[in-house]
Amino acid sequence: MKKLLTGLLLSVLVLALAACGAGKKEEKSSSSDAGESKENVTLTVGASNTPHAVILEKAKPILAKEGIDLKIETYQDYVLPNQHLDSGELDANYFQHLPFLELSMKENGYDFVNAGAIHIEPIGIYSKKYKSLEDLPKGATILLSSSVADHGRMLSLLEAKGLIKLKDGVDKTAAEIKDIAENPKNLKFDANTAPEMLVQMYENNEGDAVLINSNFAIDNGLNPLKDAISLEDKESPYVNIVAVRAGDETKPEIKKLVEVLKSKEIQDFIVEEWKGSVVPVK
């Protein structure tokens, strides 16, 4: 009987030790797995509805595979995206070209950097009254954006199309209406309309011609390639960028965002989706 009881006690003890060992092994394994797995990083990016937010939506599942949860905040103006980036509500924004970024930093004291150039949106000249620039009469009224940052680009386009000539030596990216040296058709310039309202002015048949940024044109159902009577050259220096707070450009998630946006998959998507009215850059 003693031997039997001793044997049973030994068996119970062995089983208990084995269970304890297995539990520790399982706990160690679980702990090891937890150490190896990484939580996804959330990246909040501000963007104009079209094409920026559309492009980001295409990039979203690609970034998810890299452990980055992309949150897209859309805007319909050019002021709040930089304000919210500065305040920390956004990790990055993707809506503006480089000259606009530089002017915005100069005027507001923002400490931002260009994290990467993604695409160009050729600006267009639209008119419901005339089918070509040659048809514009003397004294025609041209509607421009009220954003001074757009003036240099718009005036450079008008100069490239032979409608005006800017003063020699002027920085064309910062040119203003007062910098026009020659105006053969005596064109009148109205720069009192917010950029997001220019499409409405065009639809209302205001002015003789309206210069509209492609993102607003596309967002309101216009096709720059078909509806504009003239379009900015594709080699425009006004490339749209990803902007971040200074120092954040080295963060892995920011570098990955730019890498994905410049990938062949996204560039092919841009070409196919907009047929040349939005042009990716290398």
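# A walk through the two sheets

Start by selecting strand E5 (residues 124-126) together with strand E11 (230-231): the two pair in the antiparallel sense over 2 bridges. Keep in mind as you click around that this is a predicted model. To see one of the rungs, pick glycine 124; its bridge partner in E11 is leucine 231.

**The five-stranded sheet**

Now widen the selection to the sheet these strands belong to. It is an open sheet of 5 strands, in the order E9-E6-E10-E5-E11, and the pairing is mixed. Look at the two ends of that order. Strand E9 (188-193) and strand E11 (230-231) are the edge strands; each has a single partner strand, so one side of each has no neighbour in the sheet.

Add helix H5 (148-160) to the view. H5 packs on this sheet, where it touches E5, strand E6 (141-145), E9, strand E10 (209-212) and E11. Compare directions and you'll find that H5 makes about 145 degrees with E6.

While you're around E9, step back into the loop that comes between strand E8 (180-182) and E9, and select asparagine 186. Most residues other than glycine have a negative phi. Asparagine 186 has a positive one, near 55 degrees.

**The six-stranded sheet**

Next, bring up the other open sheet. Here 6 strands run in the order E2-E1-E3-E12-E4-E13, again with mixed pairing. Which strands stand at the edges? They are strand E2 (68-75) and strand E13 (279-280), and each has a single partner strand, so one side of each is left without a neighbour in the sheet.

Go to the middle of that order and select E3 (92-97) with strand E12 (residues 239-245). The pair runs antiparallel and is joined by 3 bridges. For a single bridge to zoom in on, take asparagine 93, whose partner in E12 is alanine 243.

Two helices to add now are H2 and H3. H2 packs on the sheet and touches strand E1 (41-48), E2, E3, strand E4 (112-120) and E12, with its direction at about 170 degrees to that of E2. Helix H3 (residues 80-87) also packs on the sheet, touching E2, E3, E4 and E12; its direction is about 145 degrees from that of E3.

**Along helix H2**

Stay with H2 and select threonine 50 and proline 51. A cis peptide bond joins the two, with omega at about 0 degrees. Most peptide bonds are trans. Proline 51 is itself part of helix H2.

Then show helix H9 (residues 252-261) beside helix H2 (residues 49-65). Their axes are 10 Å apart, and the helices pack at an angle of about 115 degrees. The crossing of H2 past H9 is right-handed. Turn on the side chains at the contact: Ile55, Leu56, Ala59, Ile62 and Leu63 come from H2, while H9 brings Lys256, Leu257, Val260 and Leu261. By class, these residues are 8 nonpolar, no polar and 1 charged.

**Empty spaces**

Switch to a surface or cavity display. The structure holds 2 cavities of 30 Å³ or more.

- Select Tyr78, Phe95, His97, Arg153 and Asn213 for the largest cavity: out of 13 lining residues, these lie nearest its centre. The space inside is about 120 Å³. E3, H5 and helix H7 (214-219) each supply at least two residues of the lining, and E3 gives the most, with 3. The lining has 4 nonpolar, 6 polar and 3 charged residues.
- For the second largest cavity, with about 40 Å³ of space, select the lining residues, including Tyr126, Lys128, Tyr202, Glu206 and Asp208. This lining divides into 4 nonpolar, 3 polar and 4 charged residues.

Last stop: the largest pocket, which has about 260 Å³ of space. Select Tyr78, Val79, Phe100, Glu107 and Ser147, the closest to its centre of the 16 residues that line the pocket. Which elements give two or more residues to this lining? They are helix H4 (98-108) and H5. H4 gives the most, with 5 residues. Color the lining by class and you'll get 8 nonpolar, 5 polar and 3 charged residues.

If you want one residue to finish on, click Tyr78 again: it is among those nearest the centre of the largest cavity, and Tyr78 is also among those closest to the centre of the largest pocket.

Note on methods:
Residues numbered from 1 in each chain as written. Predicted model: local features only at pLDDT ≥ 70, side-chain atom pairs only at ≥ 80, totals over all residues. Heavy atoms only, no water. Axes fitted to C-alpha atoms, helices over the stretch in contact; angles between N-to-C directions. Helix = DSSP H or I, 4+ residues; strand = E, 2+ residues; numbered from the N terminus. Left-handed = near helix turned anticlockwise from the far one by under 90°. Contact = heavy atoms within 4.5 Å. Nonpolar A, V, L, I, M, F, W, Y, C, P; charged D, E, K, R; others polar. 1 Å grid on protein atoms, 1.4 Å probe; cavity = no way out; pocket = protein on both sides within 12 Å on 5 of 7 lines; lining within 4 Å. Points joined across faces, edges and corners; volume = space filled by probe spheres on them. Pairing = 2+ DSSP bridges.
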